[in-house]
Amino acid sequence: MSSSTLPLPVRFALPDEAWTPVDPESLGVRNAAFLALRGGAAGEYHPTITVSGGWRGDAASLEQIADESVEKLRAEGAEEVELLQRRSLGTEHAPALTQAVGAVATVEGRRQDLRQAQVVQGLVDVEDPARRVVMIYTLTCTFAQWEQMVPEFQTFMATVEVVPQQPGSQAEPQPK
């Protein structure tokens, strides 16, 4: 899939056959372990779902980590970046938050009014509670595609599960 790997094995299913896995690096995406493109969507922009994650040993809250994601958009050249909505959910050992972000970005020479739906999930290491894995699941689409793509992203998120890791195995995303 990619040279990036996830710290925990994750299994999921894409919403339908319109979504195709693509090597993230082939599209210049270096911080994702998994990327899928949505074909057949209205407009010229192809929506994406990305999965990324890593160990965090710092004390940053999920809100601060989510803020980092918003700031990253600005650093990558997006304009008019705005946090539209944020909501906390999850449990003590698996806290999560969802957020919607709006931005204007130039993609392949065209200005696009983009939206991102993100789920930021923390998974606490039961053996060392000071350590945790933070997973970020992101849908990126245009404003015009938003109403159609959000239910598909929700369908995707409903299938996400961390799977037990076998001793000595390398963690990789596991499409269902």
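**Note on a predicted model: helices, sheet and salt bridges**

1. Helix 1 has 14 residues, which at 1.5 Å a residue should span 20 Å, and the distance of 20 Å between its end C-alpha atoms agrees with that expectation. The structure discussed here is a predicted model, and every value in this note is to be read with that in mind. Just after helix 1 comes glycine 77, whose phi is positive at about 100 degrees.

2. Which residues of helix 1 are buried? They are Leu62, Ile65, Ala66, Ser69, Val70 and Leu73, and because they cover an arc of only 150 degrees around the axis, they fall on the same side of helix 1. An α-helix has 3.6 residues a turn, so residues three or four places apart point the same way. The buried residues of helix 1 pack against strand 4, strand 5, strand 6, strand 7 and strand 8.

3. Helix 1 as a whole lies across strand 4, strand 5, strand 6, strand 7 and strand 8, and runs at about 5 degrees to strand 6. Helix 2, residues 146-159, lies across strand 2, strand 3, strand 4, strand 6, strand 7 and strand 8, running at about 150 degrees to strand 8.

4. The sheet against which these helices lie is open and has 7 strands in the order 2-3-4-8-7-6-5, with antiparallel pairing. Strand 2 (19-22) and strand 5 stand at its edges, where each has a single partner strand, so one side of each is left without a neighbour in the sheet. From one strand to the next, the twist averages 20 degrees.

5. Strand 7 deserves separate comment, beginning with its pairing to strand 6 (residues 95-107), which is antiparallel and extends over 12 bridges. Within that pairing, threonine 98 has valine 119 of strand 7 as its bridge partner, and alanine 96 stands opposite glutamine 121 in strand 7. The two strands form a hairpin with 2 residues between them, and in the turn glutamate 108 has a positive phi of about 50 degrees.

6. Strand 7 is also joined to strand 8 by 11 bridges, again in the antiparallel sense, and here glutamine 116 has threonine 140 of strand 8 as its bridge partner. How many of the 15 residues of strand 7 are buried? The number is 11, so strand 7 is largely enclosed by the rest of the structure.

7. A polar residue to inspect in strand 7 is glutamine 112, which counts as buried because its relative accessibility, 14%, lies under the 20% cut-off. Leaving aside neighbours within four places in sequence, glutamine 112 is in contact with Tyr45, Ala103, Val104, Ala105, Val107 and Thr142.

8. The count of salt bridges comes to 11. One of them joins the side chains of glutamate 44 and arginine 110, with an N to O distance of 2.8 Å. This pair links distant parts of the chain, 66 residues apart, since glutamate 44 is in the loop between strand 3 (34-38) and strand 4 (48-56) while arginine 110 is in strand 7 (residues 110-124). Is glutamate 44 buried or exposed? Glutamate 44 is exposed, with a relative accessible area of 53%, whereas arginine 110 counts as partly exposed at 47%.

9. Aspartate 67 and arginine 86 form another salt bridge through their side chains, at 2.8 Å from N to O. Aspartate 67 lies in helix 1 (residues 62-75) and arginine 86 in strand 5 (residues 79-90), so the pair ties together parts that are 19 residues apart in sequence. Both partners are partly exposed, aspartate 67 at 36% relative accessibility and arginine 86 at 28%.

10. A salt bridge with an N to O distance of 2.7 Å also brings together the side chains of aspartate 113 and arginine 115. Aspartate 113 is partly exposed, with a relative accessible area of 36%, whereas arginine 115 counts as buried because its relative accessibility of 14% is under the 20% cut-off. Elsewhere, Arg56, Asp58, Glu68 and Arg132 are joined into one network by salt bridges that share partners.

Notes
Residues are numbered from 1 along each chain as its sequence is written. This is a predicted model: local features need pLDDT of at least 70, side-chain atom pairs count only at pLDDT 80 or more; totals for chains, interfaces and linings use all residues. Side-chain values use heavy atoms; hydrogens and water are left out. A salt bridge is a side-chain nitrogen of Lys or Arg within 4 Å of a carboxyl oxygen of Asp or Glu. Helices (H or I, at least four residues) and strands (E, at least two) are DSSP runs, numbered from the N terminus. Buried means under 20% relative accessible area, exposed over 50%, partly exposed in between (1.4 Å probe, protein chains only). Two strands pair if DSSP finds at least two bridges between them. Axes are lines fitted to C-alpha atoms, for helices over the stretch in contact, and angles run from 0 to 180 degrees between N-to-C directions. Contact means heavy atoms within 4.5 Å. The expected span of a helix is 1.5 Å times one less than its number of residues. The arc is that of the directions from the helix axis to the C-beta atoms.
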